[in-house]
Amino acid sequence: MLRLYTRIFVILLFCVVTSVASAALTDGLISAWTFEGDNVNDLMGNANGKLVGGAGYSDGIHGRALDVNGVDAYAEIPHHPSMDAMENAFTHSVRAFIRAFGDHGGIMFKGEKVGWGPHFHIRLITSSATGLSYGSNNIKGAVNEEAEPDAKSPEGWLNVDESYELGTWIHMAQVANGQTLQAFLNGAPANVTWGFYHRTGTEPVTLTAPYAVFPDSPIYLGTSRGHGGDVDNYKFIDGMIDDVALFDRALSADEIAELANTNLASLTSVEAKSKLVTTWARLKNQ
Ligand SMILES: [Ca+2]
């Protein structure tokens with residue numbers, strides 16, 4: 001009997017430690033899409049999406065992944081009021097596997113269009129066969145003219161060239177804390193090679209809240225909209241997308257590193273609860 005109590009204590013301790021670790025990373029998690037079960041359902045229950053064109057699902061790095069063909073395929077996710085909190089701070093996180101480069105091909109996009117000006121909230125795209133571009137914007141009129149005296153426009157974009165290879169899984173994240181915007185690649189600060197404020201290097205760039213969340217625009221996975229300012233124009237990627245997450249807070253660099261090595265599905269409370277039930281069922285049978 002004593003051995004049984006000891007075993008129960010150890011297992012409970014494990015559950016508590018596990019849930020505390022997960023709770024930290026899920027703090028502020030608004031939405032999560034992992035494509036398990038071949039759907040675009042939000043694991044947080046907020047914003048379920050749908051497939052458009054030739055989009056489908058394939059086996060990816062963590063179970064199932066969204067599969068897009070670079071021609072007409074993407075997933076569209078409606079805006080949800082829970083996303084409004086990203087006007088104060090945010091983290092956008094996504095995993096992608098690019099088969100073939102498509103100019104300005106959207107991995108993750110939310111906004112009206114791509115052009116000179118603050119027209120989007122999320123722009124995570126391929127800029128070349130080895131380069132990526134990140135971006136977000138604050139509300140119109142909140143541009144820091146002093147910090148960007150000779151910029152062509154306030155569009156918040158950060159190019160990270162020579163940064164990935166076709167046919168490999170990458171993890172992209174961008175974090176805004178109310179004062180700055182920072183790009184991350186594969187769990188580490190990305191090396192920005194050009195961007196607004198003429199910025200280069202791995203340090204965060206000034207971008208102050210409130211951020212524009214574009215409540216009238218859905219999230220697109222697999223395409224971006226309005227390259228060159230033409231809202232009817234779509235720019236696709238050929239590849240796979242997985243582990244898409246939105247947070248209403250700025251994750252720390254350590255948390256981004258942890259997120260880059262985490263299967264997003266393992267963070268959900270549903271998953272944690274089912275593990276606990278399984279553990280108790282096993283105990284009762286001993
Ligand atoms: Ca998955």
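**Entry 1: strand β7.** I looked up the burial of strand β7, residues 106-111, and found it mostly covered, with 6 of its 6 residues buried. I note that the model is predicted.

**Entry 2: partners of β7.** I then asked which strands pair with β7. Strand β8, residues 120-126, is joined to β7 by 5 bridges, and the two run antiparallel. Within this pairing, I found Gly106 opposite Ile125 of β8, and I recorded Phe120 of β8 as the bridge partner of Gly111. Strand β16, residues 219-221, is also antiparallel to β7 and is joined to it by 3 bridges. Here I took Phe109 as the residue to follow; its bridge partner in β16 is Tyr220.

**Entry 3: the sheet.** I traced these strands into an open sheet of 8 strands, in the order β2-β5-β16-β7-β8-β9-β10-β14, with antiparallel pairing. At the edges I found β2 (50-52) and β14 (194-195); each has a single partner strand, so one side of each is left without a neighbour in the sheet. In the strand order, β7 stands between β16 and β8.

**Entry 4: Thr168.** I next turned to a loop residue. Thr168 lies in the loop between β10 (157-160) and β11 (169-176). Is Thr168 buried or exposed? I counted 11 other C-beta atoms within 10 Å of Thr168; the cut-off for an exposed residue is 12 or fewer, and Thr168 is therefore exposed. I also checked Thr168 against Gly239: the two are 71 residues apart in sequence, and their C-alpha atoms are 9.9 Å apart in space.

Methods: Residues numbered from 1 in each chain as written. Predicted model: local features only at pLDDT ≥ 70, side-chain atom pairs only at ≥ 80, totals over all residues. Helix = DSSP H or I, 4+ residues; strand = E, 2+ residues; numbered from the N terminus. Buried ≥ 20, exposed ≤ 12 C-beta atoms within 10 Å, placed from the backbone. Pairing = 2+ DSSP bridges.
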